[in-house]
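Visitor: I'd like a close look at one part of this model, at the level of who touches whom. After that, please walk me outward to whatever else is worth seeing.

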There are 2 protein chains.
Amino acid sequence: MTPTVAVLAGGVGAARYLRGLLGIVPARAVTAIVNTGDDTELHGLSISPDLDTIIYTLAGAIDPERGWGLARETWRAMEALQRYTSVRPAGSTAAPTWFNLGDQDLATHFYRTARLAEGATLTDVTAEIARAWGLEPTLLPMTDQRFRTVVELAVGDEAGRRVSFQDYFVRLRHGVPVSDVTFEHDGARLTDAAEAALVGADTVVIAPSNPLVSIAPIRALAGVDELLAARRERVVAVSPIVGGTALKGPADRMLVELGHEASVVGVARLYRSIASTLVIDRVDAHLADEVRSAGMRCVVTDTVMSSPEVAQALAATTLDI
Amino acid sequence: MTPTVAVLAGGVGAARYLRGLLGIVPARAVTAIVNTGDDTELHGLSISPDLDTIIYTLAGAIDPERGWGLARETWRAMEALQRYTSVRPAGSTAAPTWFNLGDQDLATHFYRTARLAEGATLTDVTAEIARAWGLEPTLLPMTDQRFRTVVELAVGDEAGRRVSFQDYFVRLRHGVPVSDVTFEHDGARLTDAAEAALVGADTVVIAPSNPLVSIAPIRALAGVDELLAARRERVVAVSPIVGGTALKGPADRMLVELGHEASVVGVARLYRSIASTLVIDRVDAHLADEVRSAGMRCVVTDTVMSSPEVAQALAATTLDI
């Protein structure tokens, strides 16, 4: 019997971890539970960035330079959209060109949008999209209900303004300090499939994703933290912070801005109630004792997944624990 | 004072007529009132084929071979969509690939969809799109409300099945006999702007468009036929039937299938209550007396707009009447 793994996942870091994991365990043993807090609607289309990043990465179709979107992509629709920005009336946000959608990538959003309009759940649609890309692991959105991560900006004129995650992340290029992260939803629930995976998995891995905007949305669903706490001995987290910085994205700055420490110790404090072990990079080996003092077991290894081999070794480490 | 012209318009034929008209009168004198009965939603996008054909044609951006869509277009999104047709569950119509949307063309649908979602009227959005293409004539959708042309199929197994106009026109390539054309709407009204144009124009032209699926939807709006009948002396129609056939599309077959005559005489019988004059092509000159017997004045000229010069001459003829 193959041990099963459930992975709490955000975008790029989680995708690379999952790719490593699938190099060492059979796909049928793997379930990813993916953040949908940064899902958005643009041009009438339903967009699920983290799900797509994981699907495209596991399918080997991701653009290796950008880390998002499809390789060999073209941008004709986006280029053509610029024509309309000049005629947009004041107050309109139609024809946004700050969120790049590649021409091939659009097909995924077309399919998702049409299926959701037909009444399919995001869980169903995600399974269909994964199958279209030949993927065998189970990829689950954390919830089938609407759930939106909202970022409160902390800068001068904009202080207190609340924007969608994509507004912050893409339009503002996560270059603006934030004063709060909140989640807008109406009693959104972890899906039954995701709950079953979390309850039944031999190991639960918190992927190296942003704790505050990728993992926190999953934890914000009713019962998830309690469920993880009850299984704490089986839960292992990989620090997304390496040497005090995030490999990608704003996790390091965000941690500081929201009163945490941008270090593996800060990560340990966020995860200690729900995970028993934190995997940290060798550059942070000197902080291992502090992680332990914070209440977690600590394993030191290479966590920067610069090659499939490193990703597989990291995955093996998380499973060995 | 420049005489003003209001044009009841469908797609390709109307677009070419309008292009000719704009060669001889100032743009500010021209208002097109455009059929929206074949508007549709695909992939979550709001698509207005006749409006777009007119806009792209007048902007000189239409693909001259196809007669629809943009020149130098690419089809990457549509090609990518094929991946999803194989995973679509039974009963789902997601990921339709029979309705081709070019990559650049998508931008127009993105803008329209987003603006309508913001609460703008189709009239407003159409004006914005026209402005984005540098167009000066007034282009108006016939209504700002939902209005859908429905075609009832007449063939063996499918007899009685009712499909959307695009289903019939594009998916079935208008190759299936029809037994009825009906209009689904909930009291849709001619817009105020369109009504003002019809009331105030010095000349009203019924463009050479399909009488049953391009012009009939406009006539189906409450009060339009009465308004045209009251102005009958100022209304001139151009026959879309030349030598018993339609230059483009299924108008000839449809006329016969629905109990009319596929000739300029059949067209005259459809229009005589609302228009005083029918412009027919030279090849139909021998039918001019029959048109007159049917109750319309008849003018014979070249109506096949194979060049801008012919289109301008045709437009001049319609205005001279």
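Guide: Helix 1 of chain B passes helix 2 of chain B in a right-handed crossing. Keep in mind that we're looking at a predicted model. Two packed helices are described by the angle between their axes and the distance between the axes. Here the axes of helix 1 (residues 12-21) and helix 2 (residues 49-58) of chain B come within 9 Å, and they cross at roughly 35 degrees. If you want to pick out the side chains, helix 1 of chain B brings V12(B), A14(B), A15(B), R16(B), L18(B) and R19(B) to the contact. Facing them from helix 2 of chain B are T53(B), I54(B), T57(B) and L58(B). Sort this contact by class and you get 6 nonpolar, 2 polar and 2 charged residues.

Now stay in chain B and slide along to its sheet. Three strands make an open sheet there, in the order 7-6-8, and the pairing is antiparallel. Strand 7 (162-164) and strand 8 (178-185) of chain B sit at the edges with a single partner strand each, so one side of each has no neighbour in the sheet. On average, neighbouring strands of this sheet are turned by 30 degrees against each other, if you ignore direction. Strand 6 (residues 147-153) of chain B is joined to strand 8 of chain B by 7 bridges, with the two strands running antiparallel. For a handy landmark, find V151(B): it stands opposite V181(B) in strand 8 of chain B.

Chain A has an open sheet of 3 strands too, with the order 7-6-8 and antiparallel pairing. In chain A the edge strands are strand 7 (162-164) and strand 8 (178-185), and each has a single partner, so each keeps one side without a neighbour in the sheet. Again the average turn between neighbouring strands is 30 degrees, direction ignored. Let's use this copy to look at the other pairing: strand 6 (residues 147-153) and strand 7 of chain A pair in the antiparallel sense over 3 bridges. In that pairing, E152(A) is opposite R162(A) of strand 7.

So how do the two chains fit together? A turn of 180 degrees, with a shift of 0.0 Å along the axis, lays chain B on chain A with an RMSD of 0.0 Å. The two copies are thus related as by a two-fold rotation axis. At the interface, 29 residues of chain B are in contact with 29 residues of chain A. On the chain B side, helix 3 (76-85), helix 4 (103-117) and helix 5 (122-132) each supply at least two residues. Helix 4 of chain B gives the most, with 10 residues. By class, that side of chain B divides into 15 nonpolar, 7 polar and 7 charged residues. And 100% of the interface residues of chain B are also interface residues in chain A, so the copies meet through the same surface.

One last stop, inside chain A. It's divided into domain 1 (5-60 + 123-145 + 192-320) and domain 2 (147-184). The C-alpha centres of these two domains of chain A lie 22 Å apart. Across the boundary, 15 residues of domain 1 of chain A are in contact with 13 residues of domain 2 of chain A. On the domain 1 side, helix 8 (211-219) and helix 10 (251-257) of chain A each supply at least two residues. Helix 8 of chain A gives the most to that side, with 3 residues. The domain 1 side has 7 nonpolar, 6 polar and 2 charged residues.

How values were computed. Residues numbered from 1 in each chain as written. Chains lettered and ligands numbered in written order. Predicted model: local features only at pLDDT ≥ 70, side-chain atom pairs only at ≥ 80, totals over all residues. Domains from an automatic or database assignment. Contact = placed C-beta atoms within 7 Å. Helix = DSSP H or I, 4+ residues; strand = E, 2+ residues; numbered from the N terminus. Nonpolar A, V, L, I, M, F, W, Y, C, P; charged D, E, K, R; others polar. Axes fitted to C-alpha atoms, helices over the stretch in contact; angles between N-to-C directions. Left-handed = near helix turned anticlockwise from the far one by under 90°. Pairing = 2+ DSSP bridges. Least-squares fit on C-alpha atoms with pLDDT ≥ 70 in both.
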